[in-house]
Each structure stands twice: as structure tokens, then as C-alpha cells.
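The following exercises introduce a protein chain through its helices, strands, cores and local features. Each task is followed by a solution that proceeds step by step.

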Amino acid sequence: MTAALAPWAGTLSALTPELATALGPLLRRLDALIGVPEPVAGSEGEPDGYGGLARGRRPERLLPSEWLLAEEYPEEFLRRWTEGELLELETELRAPEGRGQVVVLVDAGPAQAGAARLVQLAALLVLHRRAAARGSELLVGVLGDPPGRLIGGDLAELLPRWLKARQHTDPEPEDVRYAERALDPAAQCWLLTSPRLAARLPARRRTVASEETGWNATGVARVTVRVDGAPAVELPLPPARVAVRALRGSGFRASAQLDAQLPAVGGALPAFTTDAATLLARGWRADVLIAVALSGGHPDGAARPRRHELFGPVIAAARTSGRLLALCVRNDRLELHVSGRALSGSDGYRVKSATVGLPEIGSPEFAELMAQPVLPLLREGDALVLPVAGRWRRIERGGRVSADGPVVSTEGGQPFRRGREPRLSPAPLPAGAAGAPHLVHGGGAVGWSEDGRTWEVRPSRGEHRRIRLGEGETEVIGLVEDGFEPVLITCTRAAGLVRAVRADGVRTLTALSGGTTAPAVHPRLPLLAAEPRPGRVVVANATDGRTHAVIRSAH
């Protein structure tokens, strides 16, 4: 890689050295065309150190070189002081609220095939670098796809998926407006398209239009690019041999974060059944349990999946105290499987399936149970407790089974939600929450509502909050804390839009939206596990949507 591309080393690490070097001239020219990067500092907010140089005359911020000028040339120093031309350190202010995601809408129609895709590639690299500099996430939406369906993750995952996106027709202005309506209002939205569509959106900012304009003996050699209606500029393309390889996807390096060896996950979304940062899911066979350790939820921690082949279909499971516990059905009996540290008397929990309310294997009711996420399994003293058929069931060592109260979260046919279950609240319920029609808890905070719209929330620390939800069919699926600020996690029933709702604002988590089932919310950590598209589970921060891990099924 050349010295001129050294500042781009982190971004270009997703490409092969050959493609990174060949794309360099186009990349640098396009970076200049797109303009000066938006500053990270806000115009108001808390001081956040010094962010650069400015012209002024505040003595406490003047550079040492200016004081040397005062000693050597006092008249010039006074002139610059009077005119405000002295160099000083500029205070950087950072606003407390987030700056939103960077979303790029790409035209994948016939007019943008070929060389124009190389311009899109360079633009994605430029915008990814700028998004990282401002602490934001880059997401890519394909015009013509369902609204809210966005491609996220690191570049090594994002670029191959963007390259495979294809539409049979060129988009229209309404496609752009349709896609923009589903985005977070705080998102910075760019459009990569053809001059034809750009001309039909004359007032739109952040638009990059490109088309082929120059050829040589080997093919297209130059493209013309216009940014926001400015004069068109002709840019060079990589050599034809490198360009063809790039358009075929052979110029991308494989992602180190993705775990392509994950055993095949079944139709139900993985679940957080305990406070551990571990996702549990059935495989495509119901007697396979897949445990994915998330390295404590750290953003840089790799997901570590492990496959457990058991002796029968998995009903409930938990990761606790260095063990993986799973209750499985063998013939007509429920038995405990222990992986890890031995559990004394583990064979004493063998009971008949019917005594805990399990339907018969092969029945439609049992198939419906297997289509749901793995149920939680609690240890209370020497007893195991699990929610089955609308009741909590307690299995004592020795095989005695007793009912232990109703499962509140499943009343009315709703799916089980750990965050809605009063029994599993880590904090005592406030007087107003006891008996409320709507309840949610998580991370030490508790929220409740009489109408499902206006929520009273008591955080683990700090002042009571009131959060109001907007209109529409919205389900509250969890509650997390950002610091000690409570955040309701909601999901719309129609479009599957996932949102983080605070007392002072709403953020749409577009990269986690669009799935057929609601995401799983961790009971203690601000983590979400969502399946925005089949076979791809995204684990992300529940407050801002930043991706922690991407897990693909090998099926």
C-alpha cells in the first residue's frame, strides 16, 4: 500500500492489497468531492478537550509559537492580536445525544451495473471511514428492498452483501422517499445512483451520481461523478483486470468476526434465558442445543458457538454457575442434561412429561412448542423451575412435581417474554407495578402501564421517568438502562420495526428491524439478539444499535 493510502489502512483492510492499491486514486478523488468530513464536535454541549486550531486572542489558549512571536516581533503580535489572527487551541464540545447512523441508499438497477458499482464501492469506503470517525455505524439499504431492511456489520461482511444486491429495474423517486420514511430521523442519509434519478431529485442533498464516460481498448477507463448537483468531474478507474475481479467479489477479504461454522440454527430465535451473556437455541433437529458465548457482550468479543447433541428434544435450558443445564424429553419422560461442572444428584430430576404439562411428542401442540425459543430454566435451592402450559412447574430432586403459580407473560396467548414476567424481576416491584396490566423489567429497572401507551419507569438509580409511546400496534419487549437512564425496547407488530424509546426521544434500530419474530432482550445487559433476515442473527447494543456480533447459520 502506498504512503498516500496510509491513513486509509483500517478501512482498506477489508480489501485485498491489489484492489486497495488500484482503487486508491478513485478513492482519494471521491473523498475530496464528497467534501469536508462533518466535525464530531457539536456547537454546544460539554467540553471534550481540544479538537484543533482556531484564530483568536484568548491568552490561556495561545500556542507557544505565538508567545515567541510576542518576544521577537511585538508589533506584529499586537497587530494579530487586534485582528484576532493569533493561533489558539480550539475547545471541542460534544453534545450529549448521539449523532445518528450513516445510511447509504444504493441504486442496484441496470443503470448502475458495471463501472458505476466501482464508484459505489469507493463511496462506501469513504463514508464508512467518516462514520467511524464520528462514532456512528454505516448501514446500506438497497432501493427496491422492503423499507427498514438494511445491511450492517463490519466492511468484510457488508461489502459482499452489497455487491450481490441486484434489482431488475431502475428505481424511481418514490422508491427513495419510501426508503427514507423507514429510517431513523437522526440518520445521515446518502444516495448513490445514476444522473437520471439524481436529476429527478434536484433538491436532495448527499447525492452521488455516476456514469461511464470514457473507454479504451480494454473497456471502461473513466467515469463522471457529480455530488449534490455540483459540476461533474471525470475520475479514473482501476485497470480492467482488477475492476472485473472486484465486481466478481474476489477483491474482498473474509470477515474475521463472522462465525460461518455455526451449527445450523432452527426456526426459533435464540434466547437469553439467564443473566449470562450466552444465547441458547435449538438446532434444526430439536435434540440439538446450540450455545453461543458472547464474551461478556464486549463489542470486540467474538461469538463462540458450541453444539450439544442431547438425548431428546430440548424444552428448557440455562447457562449458570459454569454449567449448561437442559431439560430434554426422552420417550415420555423429562430428564436433565448437565454439561460442564458436575451437578450432584442430576439424575433425580427424571419425571413423566405429562406431570409438567408437556404435550405428547408428535402432536401439533408439541410442534408449536418446538417453534418457540428455548424456555428458561431456574434453580431455586435444589429445585428446578420452568414455565410450561401457562404455569410455573417446580421439579424437586426425587421427582416430585408441583405447580408454582401462573406464567403472567403468556396470558392471552402471548409468547413468553422474560422481561414481562414478574417472578423474574431482579428488583422488587413498586406498589404501582403490582397488578398493572402491562409490566416490563430489566437491568434493575421496572416499568409499568395501565394502557400500554404511558409507562411509569423506576430506574435502578435516579429519578422516576415517564415514557410515552407513539400511536400504532407496538409491543414493549424489554427494558434496558443506558447508564442509569431507562430505555424501553419496542417492536411494531406489522413491520417489525425495533425502537429504543427514552423519556426524551426515540431511536429506530433499523439494522435490527424487519424480522418475523421480535428480538430477544438480555435481562441484565443492554443487548438485543435479532434475526432481521433468515439465517442471520445480529447481536447489538439495545440503546444505539451498534453491532457486537453477527452469527450466521450453516444451514
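A residue is called buried if its relative accessible area is under 20%, exposed if over 50%, and partly exposed in between (1.4 Å probe, protein chains only). With this definition, 50% of the 555 residues of the chain count as buried.

The model is predicted: local features need pLDDT of at least 70, side-chain atom pairs count only at pLDDT 80 or more, and totals for chains, interfaces and linings use all residues. Residues are numbered from 1 along each chain as its sequence is written, and side-chain values use heavy atoms, with hydrogens and water left out.

**Exercise 1. Overview**

Task: State how many helices and strands the chain has, and what share of its contacts with a separation of 6 or more joins residues 24 or more positions apart.

Solution. Step 1: Helices (H or I, at least four residues) and strands (E, at least two) are DSSP runs, numbered from the N terminus. The chain has 10 helices and 32 strands.
Step 2: A contact means heavy atoms within 4.5 Å. Among contacts with a separation of 6 or more, 51% are between residues 24 or more positions apart.

**Exercise 2. The nonpolar cores**

Task: Determine which residues of the largest nonpolar core touch the most other members, and which element gives the most to this core.

Solution. Step 1: A nonpolar core is a set of buried Ala, Val, Leu, Ile, Met, Phe, Trp, Tyr and Cys residues joined through side-chain atoms within 4.5 Å.
Step 2: The largest such core has 50 residues, of which Leu15, Leu30, Leu125, Leu159 and Trp162 touch the most other members.
Step 3: Among the elements giving two or more residues to this core are α2 (17-34), α5 (115-133), α6 (155-164) and β7 (219-227). The most comes from α5, with 11 residues.
Step 4: Beyond four places in sequence, Trp162 touches Val106, Arg117, Gln120, Leu121, Leu124, Val140, Ile151 and Phe252.
Step 5: A second, separate core has 22 residues, including Leu336, Leu384, Leu386 and Val388.

**Exercise 3. A helix pair**

Task: Describe how α3 and α4 are oriented to each other and which residues make their contact.

Solution. Step 1: Axes are lines fitted to C-alpha atoms, for helices over the stretch in contact, and angles run from 0 to 180 degrees between N-to-C directions. The axes of α3 (residues 64-72) and α4 (residues 74-83) come within 5 Å and cross at roughly 130°.
Step 2: Angles under 35 degrees count as roughly parallel, over 145 as roughly antiparallel, 65 to 115 as roughly perpendicular and the rest as oblique. The two helices, α3 and α4, are therefore oblique to each other.
Step 3: From α3, the contact uses Glu66, Trp67, Leu69, Ala70, Glu71 and Glu72, and from α4 it uses Pro74, Glu76, Phe77 and Arg80.

**Exercise 4. Positive phi angles**

Task: For Arg206 and Asn331, decide whether each is buried, partly exposed or exposed.

Solution. Step 1: Most residues other than glycine have a negative phi. Arg206, although not a glycine, has a positive phi of about 60°, and for Asn331 phi is likewise positive, at about 60°.
Step 2: Arg206 lies in the loop between α8 (195-199) and β6 (207-216). Its relative accessibility is 22%, so Arg206 counts as partly exposed.
Step 3: Asn331 is placed in the loop between β13 (323-330) and β14 (333-340). Its relative accessibility is 67%, so Asn331 counts as exposed.
Step 4: Thr207, in strand β6, is buried with a relative accessible area of 6%. Apart from neighbours within four places in sequence, Thr207 is in contact with Trp190, Leu191, Thr193, Ala198, Arg226, Val227 and Asp228.

**Exercise 5. A four-stranded sheet**

Task: Trace the open sheet that contains β25 and β28, and explain why these two strands stand at its edges.

Solution. Step 1: Two strands pair if DSSP finds at least two bridges between them. The strand order is β25-β26-β27-β28, with antiparallel pairing.
Step 2: β25 (474-482) and β28 (505-508) each have a single partner strand, so one side of each is left without a neighbour in the sheet.
Step 3: Eight bridges join β25 to β26 (residues 485-492), and Val476 has Thr490 as its bridge partner in β26.
Step 4: Four bridges link β26 with β27 (residues 498-502), where Arg499 is the bridge partner of Thr490. These two strands, β26 and β27, form a hairpin with five residues between them, and Gly496 in the turn has a positive phi of about 70°.
Step 5: A hairpin with two residues between the strands joins β27 and β28, and Arg502 stands opposite Gly505 in β28.
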